[in-house]
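The following exercises concern a ligand and the residues around it. Please study the sequence and the structure before reading each solution.

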Amino acid sequence: MDIIETIKEQIANNTVLLYMKGSPNAPQCGFSARAAQVVMGCGEKFAYVDILQNPEIRANLPKYANWPTFPQLWVGGELVGGSDILTEMFEKGELQTLIKDAVGKADA
Ligand SMILES: N[C@@H](CCC(=O)N[C@@H](CS)C(=O)NCC(=O)O)C(=O)O
């Protein structure tokens, strides 16, 4: 399958999806570690893709997303942002609400 189609499918099939380096329990970069920590702190299940294991995604997602770096959090099919944005949103309580609402909608 075309890599862009794969990316679109991953985003469509996972309400909360974190593209990161490594895994939430074994992140391979400080930015990914922080992002995974705040997403875990929201208390909902989420999917992740380790872009170090998926070089084609690493090469193509930034163009598709129009976002140059990793991590990238996608919620309900929309890009939320990277580690800085996620941390800021989490501190304001906004990330928790965004994720809970999206998961609630997907389950309805
Ligand atoms: N300000 C960004 C920093 C993220 C960042 O600089 N990521 C780098 C290092 S992990 C990156 O993705 N570089 C491109 C790559 O490694 O493919 C954020 O908040 O997420």
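A polar contact is a pair of N or O atoms within 3.5 Å; within protein, one atom must be able to donate a hydrogen and the other to accept it, and residues adjacent in sequence count only if both atoms are side-chain atoms. The model is predicted, so local features need pLDDT of at least 70 and side-chain atom pairs count only at pLDDT 80 or more, while totals for chains, interfaces and linings use all residues. Residues are numbered from 1 along each chain as its sequence is written, and side-chain values use heavy atoms, with hydrogens and water left out.

**Exercise 1.** Identify the polar partners of the ligand's oxygen atoms.

Solution.
1. In the side chain of R58, an N or O atom is 2.7 Å from an oxygen atom of the ligand.
2. For F70, a polar backbone atom is 2.8 Å from a ligand oxygen.
3. For S83, a polar backbone atom is 2.9 Å from a ligand oxygen.
4. The protein buries 71% of the 500 Å² that the ligand exposes when taken alone (Shrake-Rupley method, 1.4 Å probe).

**Exercise 2.** Describe the setting of T87.

Solution.
1. T87 is located in helix α4, which covers residues 83–92 (a helix is a DSSP run of H or I with at least four residues, numbered from the N terminus).
2. T87 has a relative accessible area of 13% and is therefore buried (under 20%, with a 1.4 Å probe and protein chains only).
3. The T87 side chain reaches the backbone oxygen of S83 at 2.7 Å.

Conventions. Helices (H or I, at least four residues) and strands (E, at least two) are DSSP runs, numbered from the N terminus. Buried means under 20% relative accessible area, exposed over 50%, partly exposed in between (1.4 Å probe, protein chains only).
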